[in-house]
Amino acid sequence: MTTSTAPPATEQFARVLRHEHRADPYPHYARMLDRRVSRLDDGSWLVSGYQEIRQLLHDPRTSADRLDPQNTTPKAARSLLLQDPPFHDQLRRVVTQEFIPRIMGMRDHLGELVARLLDAHISAGPGELDVVADLAYPLPVTVICELLGVPTEDEPLFGSLARRLTRGLDPVDTQTEEELRELDRARGELVHYLEGLIARRRSDPGDDLLSGLMFHQDPDDVLDPVQLRVTLGLLLIAGHETTVNLIANGTLALLRHPDVLARLRTDPDLATPLVEEVLRHDPPVQMSGRSALADIDIAGTTIPRGSRIRLMLAAGNRDATRFDYPGRFVPDRRDNAHLGFGGGIHYCVGATLARAEAQIALTALARRLQEPRLVDDPPPYRENAILRGPERLPVAFARLDPDHTPAR
Ligand code: HEM
């Protein structure tokens, strides 16, 4: 079996990470698909093919430990996302048992929150809205803070921490010394904040998710204090930094395809497949990682045991061997088993919630905004390459109507 060093793949990966390509990294992802599995100069492996990514997401010979040299946190103190079975499965069971029941029956409440956010901008004449700051960001933040029991007055403090911390998800060599120091400070502040919150809930429990995790019914499943804090941090960050991009990317797709926007206005059922297509076409989480616990034969090559693996979800989602017209935005695409929420045992815990928030927010925008148009196309993008999305999304409109239709 031959393994080839592939400077072009290394360069393609570097291009995807470069901020100048953030608005449209897709031509670079497309070129990665010429070779579905490539070795990078740093010894890690880049996987871009749909089937290959799926195979690795489901392969028990992969570990969720990304072998990130900068991550010096002891294994027991890492989040669910970086854990392997059997501990992963035990932890995930507790989290889903507490999380899923709390999000059932939430659609009406989500509809009210969206309505309230848009009501603040009702206008009988022309105006402008920043879809990120005015809707896409505050909606999931309010929802996750309510769910977890983060007091409303702490939301801004927590929001700024989340922003500072997500930069830490990007590859270390794309960050400056100062950024890395800043990251350490933000991590310290997060630990301090979460420990305070946990202490308050311990003496004054409520019916929120944090209290649920803390006093979980099955004593064998009770999380130790470190795991409780880490899990809380993961849910809060996931709730702050992902759905915002789904709603913003969805808005962008709608405004770039006025025919689809017009259809959604009269056919709210379109929201379900449309959000799936946004998750495929312009996914909020662009890549993930694993490591190989054994030699793994794949696509005619062997990823050696101990290697870091970079899974290019955004490339797999546009693999022409899996999706017809992969670069085209097809709002009612059938057979859309995209990789936007990952796959296998780490499949996104928040997928149902994120889908509901995006479906409701995009439908409300389509119904209430009259003659919307993008002020900047492309809009300015945030620094992050992995959790990728617009920094701001100013939209001009002729009118923003009151909400006439009851929430679905
Ligand atoms: C559009 C929004 C979202 C997207 C695109 C997204 C995407 C993903 C992806 C791709 C993974 C798998 C990562 C991997 O396998 O390495 C994941 C895992 C996860 N997500 Fe999400 N996510 C979103 C929203 C949320 C929300 C709102 C929550 C909860 C508040 C959440 C909680 C989690 C958790 C806890 C995991 C880890 C599951 C495990 O390791 O077993 N996500 N998400």
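Author: A polar contact is a pair of N or O atoms within 3.5 Å; for pairs within protein, one atom must be able to donate a hydrogen and the other to accept it, and residues adjacent in sequence count only if both atoms are side-chain atoms. This is a predicted model, in which local features need pLDDT of at least 70 and side-chain atom pairs count only at pLDDT 80 or more, while totals for chains, interfaces and linings use all residues. Residues are numbered from 1 along each chain as its sequence is written, and side-chain values use heavy atoms, with hydrogens and water left out.

Reader: What makes the pair formed by Ile 345 and the ligand a polar contact?

Author: A polar backbone atom of Ile 345 is 3.5 Å from an oxygen atom of the ligand. The cut-off is within 3.5 Å, so the pair counts.

Reader: Which distances do Arg 66 and His 346 give?

Author: An N or O atom in the side chain of Arg 66 is 2.8 Å from a ligand oxygen. For a polar side-chain atom of His 346 the distance to a ligand oxygen is 2.6 Å. Helix H4 (87-103), H11, helix H12 (243-256) and strand E5 (288-292) each give two or more residues to the shell around the ligand; helices (H or I, at least four residues) and strands (E, at least two) are DSSP runs, numbered from the N terminus.

Reader: Which residues come nearest to the ligand?

Author: His 88, Arg 92, Ser 288, His 346 and Cys 348, out of 27 around the ligand. A residue is near if one of its heavy atoms lies within 4 Å. The shell divides into 16 nonpolar, eight polar and three charged residues; Ala, Val, Leu, Ile, Met, Phe, Trp, Tyr, Cys and Pro count as nonpolar, Asp, Glu, Lys and Arg as charged, and the others, Gly among them, as polar.

Reader: Why is H7 called roughly antiparallel to H11?

Author: H7 (138-148) and H11 (225-241) pack at about 155°, with axes 8 Å apart. Angles run from 0 to 180 degrees between N-to-C directions, and axes are lines fitted to C-alpha atoms over the stretch in contact. Under 35 degrees is roughly parallel, over 145 roughly antiparallel, 65 to 115 roughly perpendicular and the rest oblique, so H7 is roughly antiparallel to H11.

Reader: What makes up the contact of H7 with H11?

Author: Contact means heavy atoms within 4.5 Å. Pro 140, Val 141, Ile 144, Cys 145 and Leu 148 of H7 meet Leu 232, Leu 235, Leu 236, Gly 239 and His 240 of H11. These residues divide into eight nonpolar, two polar and no charged.
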